[in-house]
Amino acid sequence: MRMNKIVNLLIPGVMLSTMILSSCGDDSNESPKPTPTDNEARLLTDENKRAMVYSMVDLEGDKGRIYEINYTEDYKLDAALDADIDGVSALLGFVMQNLLDVQSTKPQAVSYGAGCSAFACPDKTSGDFLMGRNFDFNHIDATTGERTMIPVIAVHTAPKGGKKSVSFVDGLFIGYKSGFYTDGKSDLSMLMALPYVLLDGINEDGFAICVLKLDGKPTKQEQPGKKKIFTTVAMRMLLDRASTVKEAVEMLKQYNMCMDTDPASYHYLMADATGDFAIVEYTNADLEQNPDRMEVLTGDDAWRYVTNFYVSPSMADTDHGINHSTHGMARYLTLRDRLAQLNYRTTPAEAFALLQDVAQGPEHPELSTGFTQWSEVYNLSRKTLTLSILREWDKSFEFKVK
């Protein structure tokens, strides 16, 4: 991925030297050169799939920390929506049966989890609409107790009849550690799962969505006559088919949301280029029962920001609700107070400064509920985003949906 130019952005307390990197589908005549690798893709025999897998680009050249890929193959969303995917095992089964060419007896890795901070607000200088997001997740090796470093993967999709988008994946959720692409041993076949293991993203109409972890039992909806849908499959559907928050909410209502990480559930923050925003939660005040009621929290400035507890009034007095949970409370209060001080209008630089204030690192592990893997400011009006990894605020990457 070639570097176009250097842009310096002054953030209070930090100078952000931003590397602007062209994304797939830009107007330049120079295409990014795939990163050479000798790694195999044993479960793929289709030449088009293999060519796609081997088109991945290491955006830093050879560090193995952030990659970009143009996912050009059919990931069969209609079939996924019809498959009653209700958890990790069902998602893995769908990928193996529908996207891989060779069935493997060796278990493939698919896992899922997230603990993060996010907010949505207008840009007070341009009038554009922004969404800020930290993806925080600790991957700790059970044997050594050491942190496992991940690759971030930017995934461009342009489905036939659907909307173009760029989304972001924690590679370890499909078994890939930092540097996997050229390590000489990792099989690359599971890159076919990339469209379905996203954690946030934006589409060509400026609709964006991210997922954040909650405590408690996983969501299980069981309304008659509705198909089941898993957390990340729903996100893929919305990026491919929704132009606005209102459309996304109506689409979600057509399915039974199912999550299977126990104990854990998830909620969404979504926003769009019209300035609309919403938190979507699945709730049940009886914590012995699975959450099964979809709630949409929107309109009020109190719903512009979210971390890792329920903000719905119906959950407020439960152990996992806003009145009692401490999971992400310090970050939540920082978002609340800073956004109120700014009158809920920021500049991109102020948005990044706020992400920096709520980022999590290794200095005080007893106070952290995660580890900031990446930070993003989305411009929903321009369909762009700027991303930094690992709290390296002096360097960032820019992507555009076109």
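Here is a short, friendly tour of this structure, from the whole chain down to single side chains. The model is a predicted one. Its protein chain has seven helices and 19 strands. Of the 402 residues in the chain, 58% are buried. Among the contacts with a separation of 6 or more, 68% join residues 24 or more positions apart.

**Strand E13 and its partners**

- A good place to begin is strand E13, residues 265–271, where seven of the seven residues are buried, so the strand is largely enclosed by the rest of the structure.
- In a regular strand the side chains alternate between the two faces of the sheet.
- In E13, Ser265, His267, Leu269 and Ala271 point one way, while Tyr266, Tyr268 and Met270 point the other way.
- Strand E10, residues 208–214, runs antiparallel to E13 and is joined to it by seven bridges; one of the residues to look for is Cys210, whose bridge partner in E13 is Leu269.
- Strand E14, residues 277–283, also pairs with E13 in the antiparallel sense, over four bridges, and here Tyr268 has Val280 as its bridge partner.
- E13 and E14 form a hairpin with five residues between them, and Gly275 in that turn has a positive phi of about 100°.

**The nonpolar core**

- In soluble globular proteins, nonpolar side chains tend to be buried together.
- The largest nonpolar core in this model has 120 residues.
- The residues with the most contacts inside this core are Phe168, Leu191, Leu194, Leu252, Tyr268 and Met270, and the last two of these names belong to E13 as well.
- Leaving out residues up to four places away in sequence, Phe168 touches residues including Val152, Ile153, Leu198, Trp374, Leu387 and Phe399.

**Aromatic rings**

- The model has 15 aromatic pairs.
- In one of them, the rings of Phe137 and Phe173 have centres 5.4 Å apart and planes at 85°, so the pair is edge-to-face.
- This pair links distant parts of the chain, 36 residues apart: Phe137 lies in the loop between strands E6 and E7, and Phe173 lies in the loop between strands E8 and E9.
- Phe173 is buried, with a relative accessible area of 1%.
- Phe180 and Tyr181 form another edge-to-face pair, at 6.0 Å centre to centre with 75° between the planes, and both residues are buried.
- Phe180 and Tyr181 belong to one aromatic cluster together with Tyr67 and Tyr176.
- A ring can also meet a charge: the charged end of Arg147 sits over the ring of Phe371, 3.9 Å from its centre.

**A covered helix**

- Helix H4, residues 231–241, is mostly covered, with ten of its eleven residues buried.
- Its buried residues include Val233, Met235, Leu238 and Leu239, and Arg236 and Asp240 are also among them.

**A buried arginine**

- Arg133 is found in strand E6 and is buried, with a relative accessible area of 0%.
- What does the side chain of Arg133 make a polar contact with? Its partner is the side chain of Asp200, at 2.9 Å.
- Asp200 also appears among the residues that Phe168 touches.
- Leaving aside neighbours within four places in sequence, Arg133 is in contact with residues including Cys116, Ser117, Cys210, Leu355, Trp374 and Glu376.
- Cys210 takes us back to the start of the tour, as the bridge partner of Leu269 in E13.

How values were computed
Residues numbered from 1 in each chain as written. Predicted model: local features only at pLDDT ≥ 70, side-chain atom pairs only at ≥ 80, totals over all residues. Heavy atoms only, no water. Buried < 20%, exposed > 50% of the residue type's maximum accessible area, 1.4 Å probe, protein only. Helix = DSSP H or I, 4+ residues; strand = E, 2+ residues; numbered from the N terminus. Pairing = 2+ DSSP bridges. Core = buried A, V, L, I, M, F, W, Y, C linked by side-chain atoms within 4.5 Å. Contact = heavy atoms within 4.5 Å. Phe/Tyr/Trp six-rings, centres within 6.5 Å; stacked < 30°, edge-to-face > 60°. Lys NZ or Arg CZ within 6 Å of the ring centre and 35° of its normal. Polar contact = N/O pair within 3.5 Å; in protein donor to acceptor, adjacent residues only side chain to side chain.
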